[in-house]
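The following exercises are intended for a reader who is new to this structure. Each task is followed by a solution that proceeds step by step.

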Amino acid sequence: MYADVPFEITLSAAPASAPAAGETKIHGSVSPAKQQAISPVGVYVQHYRRRLESTDAQDQNDHLKAHSDHVAAETAKAMQNLSVGDEEDEEESEELLLSDPKQWKDQDHYEVLGLSKLRYRATLDDIIKNQRKKVLRHHPDKKAAQGYINDDGFFKCIQKAFEILTDPVKRKQYDSVDPKISTAIPSSKDKGADFYETYRPVFEREARFSNIQPVPELGDENSSRADVETFYAFWYEFDSWRSFEYEDKDVADGNGNRDEKRYIEGKNKKERANKKKADTQRVSTLVENAMKADQRMVKFKEEDKVKRNAKRNAREEESRKAAEDKKAAEEAASMAAAETAEKEEELKKQRQQAHKLLKKEQRTLKGLFKTANYFVPEGTTPSAAEITAATDKLDKIIAAKPDLEKTIEIRTEIEKAHAAGNGLAVVDEIVAKL
């Protein structure tokens with residue numbers, strides 16, 4: 001059975017930040033209005049109609065109580081449906097259930113919430129869902145109903161784990177030092193193991209600490225050189241958010257000694273810096289070991305070595321050829337110089353020989369003048385003046401520096417003239433021609 005129920009709807013005022021009527025922009029036309037009949041249903045409509053129809057306050061209260069009980073039952077049912085079967089839950093050991101909430105730093109927060117298999121891979125939905133299941137199972141009220149009084153230790157551990165893992169900063173701090181996640185890296189001495197099976201999970205594990213996402217993948221033997229070099233360049237400059245605050249030594253609450261507090265804080269800061277430095281070195285060692293074991297890098301280095309050797313060989317060949325050309329040029333120049341020196345030496349000898357012959361011919365010419373009695377008539381003794389005159393003419397002939405051939409010619413001409421009896425006249429002619 002349906003009935004018309006009036007509803008009074010009052011629209012709220014526009015917010016102060018809303019634009020004025022004249023400043024609004026129309027982005028489309030409004031569809032035409034039409035009248036539509038609706039039939040409201042549900043417990044809230046029923047309650048509203050009952051309140052309008054009834055004047056008995058007690059009746060309204062009874063109806064409200066019934067409605068409240070209905071909502072509570074539905075909520076409990078929903079919470080019950082939220083809890084999955086025990087076969088899907090991680091087993092809770094007795095040691096885990098007896099965890100001391102005061103030692104919360106030593107507890108495994110993921111194990112407390114049943115997420116020890118997922119750990120840092122667990123999403124926020126996983127954490128919230130498991131926390132609700134754990135709360136339903138270990139709530140102190142439920143424990144008290146079962147006869148366990150003051151049994152809220154594990155419940156406090158659950159709350160602490162939930163607090164840590166739902167706070168982004170605190171969760172990073174815990175994940176940084178999660179004792180159940182190995183930080184070991186493969187040794188450079190592991191030669192027989194498969195490279196990709198050995199190093200891929202390690203790099204994927206360490207990639208969760210990267211401030212830069214996504215992280216380049218290790219790839220495989222078919223990866224290009226550019227991808228491989230990009231991968232190692234990224235890890236050589238690895239920017240990690242990993243921190244070590246979670247392992248700080250706590251300052252006791254209410255400790256009034258400020259000097260002690262400052263000392264502990266300074267010590268914590270120093271230890272964090274040392275751990276960060278050691279972790280950075282650990283990642284660097286991982287990258288170096290991977291590069292040594294990566295056959296792709298070995299191949300790239302061999303290719304580079306061949307290229308370098310080819311360039312070096314080309315340079316050496318060019319240098320060798322240049323040296324040979326230089327040596328050949330030097331030898332040619334040396335031979336040419338030797339030939340020139342030899343020719344000069346030969347010319348020198350020839351000049352010396354010609355000079356000797358010239359001197360000899362000049363002496364012969366001088367002897368001719370003396371033998372010819374200085375060209376005075378035969379049987380006559382030449383006077384000093386005649387000797388001087390003849391000698392002066394001889395000196396003029398020699399001073400003219402005729403060559404050997406000319407000197408021989410002059411001597412021969414004078415000899416013939418002397419034999420013909422007119423030697424002095426020929427000498428005068430020769431002197432006149434000089």
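**Exercise 1.** Is Arg119 buried or exposed?

*Solution.* The model is a predicted one. Begin with the position of the residue: Arg119 belongs to the loop that runs between helix H4 (109-112) and helix H5 (124-138). Next, consider its relative accessible area, which is 5%. A residue counts as buried when this value is under 20%. Arg119 is therefore buried.

**Exercise 2.** Determine which residues Arg119 is in contact with, leaving aside its neighbours within four places in sequence, and describe its backbone.

*Solution.* First, list the partners. With those neighbours left aside, Arg119 is in contact with Asp108, Tyr110, Arg171, Tyr174, Asp178, Lys180 and Ile181. Second, take a distance across the chain: Arg119 and Leu165 are 46 residues apart along the chain, and their C-alpha atoms are separated by 10.0 Å. Third, turn to the backbone. Most residues other than glycine have a negative phi. The phi of Arg119, by contrast, is positive, with a value near 50°.

**Exercise 3.** Locate Thr166, classify its accessibility and name its contacts beyond four places in sequence.

*Solution.* Thr166 is part of helix H7 (residues 153-166). Its relative accessibility is 29%. The partly exposed class lies between 20% and 50%, and Thr166 therefore counts as partly exposed. When the neighbours within four places in sequence are left aside, Thr166 is in contact with Leu124 and Ile127. For Ile127, the separation from Thr166 is 39 residues in sequence, while the C-alpha to C-alpha distance is 7.5 Å.

**Exercise 4.** Describe how helix H10 packs against helix H11.

*Solution.* Helix H10 covers residues 225-236 and helix H11 covers residues 258-293. Their axes lie 9 Å apart, and the packing angle is about 160°. Angles over 145 degrees count as roughly antiparallel, so H10 and H11 are roughly antiparallel to each other. The crossing of H10 with H11 is left-handed. On the H10 side, the contact involves Tyr232, Trp235 and Tyr236; on the H11 side, it involves Val283, Val287, Glu288, Ala290 and Met291. Sorted by class, this contact has 7 nonpolar residues, no polar residues and 1 charged residue.

**Exercise 5.** Carry out the corresponding analysis for helix H9 and H11.

*Solution.* Helix H9 (residues 195-206) packs against H11 at an angle of about 155°, and the two axes are 11 Å apart. H9 and H11 are therefore roughly antiparallel to each other. H9 also passes H11 in a left-handed crossing. From H9, the residues in contact are Phe195, Tyr199, Val202, Phe203, Arg205 and Glu206. They meet Arg282, Val283, Leu286, Val287, Asn289, Ala290 and Ala293 in H11. By class, the contact has 9 nonpolar, 1 polar and 3 charged residues. Val283, Val287 and Ala290 of H11 appear both in the contact with H9 and in the contact with H10.

**Exercise 6.** Which residues does the cis peptide bond join, and where is Pro214 found?

*Solution.* Most peptide bonds are trans. Here, a cis bond joins Gln213 and Pro214, with omega at about 0°. Pro214 is found in the loop that lies between H9 and H10.

**Exercise 7.** State the relation between helix H13 and helix H15.

*Solution.* The axes of H13 (residues 384-399) and H15 (residues 423-433) come within 10 Å and cross at roughly 40°. That angle makes H13 oblique to H15. Their crossing is left-handed. Lys393, Lys396 and Ile397 in H13 meet Leu424, Val427, Asp428, Ile430 and Val431 in H15. The classes in this contact are 5 nonpolar, no polar and 3 charged residues.

**Exercise 8.** Characterise the chain as a whole.

*Solution.* Start with secondary structure: the chain has 15 helices and 0 strands. Of its 434 residues, 25% are buried. The chain exposes about 31200 Å², of which carbon and sulfur atoms supply 52%. Finally, among contacts between residues at least 6 apart in sequence, 71% join residues at least 24 apart.

Conventions:
Residues are numbered from 1 along each chain as its sequence is written. This is a predicted model: local features need pLDDT of at least 70, side-chain atom pairs count only at pLDDT 80 or more; totals for chains, interfaces and linings use all residues. Side-chain values use heavy atoms; hydrogens and water are left out. Axes are lines fitted to C-alpha atoms, for helices over the stretch in contact, and angles run from 0 to 180 degrees between N-to-C directions. Helices (H or I, at least four residues) and strands (E, at least two) are DSSP runs, numbered from the N terminus. Angles under 35 degrees count as roughly parallel, over 145 as roughly antiparallel, 65 to 115 as roughly perpendicular and the rest as oblique. A crossing is left-handed if the near helix is turned anticlockwise from the far one by less than a right angle, and right-handed if clockwise. Contact means heavy atoms within 4.5 Å. Ala, Val, Leu, Ile, Met, Phe, Trp, Tyr, Cys and Pro count as nonpolar, Asp, Glu, Lys and Arg as charged, and the others, Gly among them, as polar. Buried means under 20% relative accessible area, exposed over 50%, partly exposed in between (1.4 Å probe, protein chains only). Accessible areas come from the Shrake-Rupley method with a 1.4 Å probe; for residues, only the protein chains shown count as cover.
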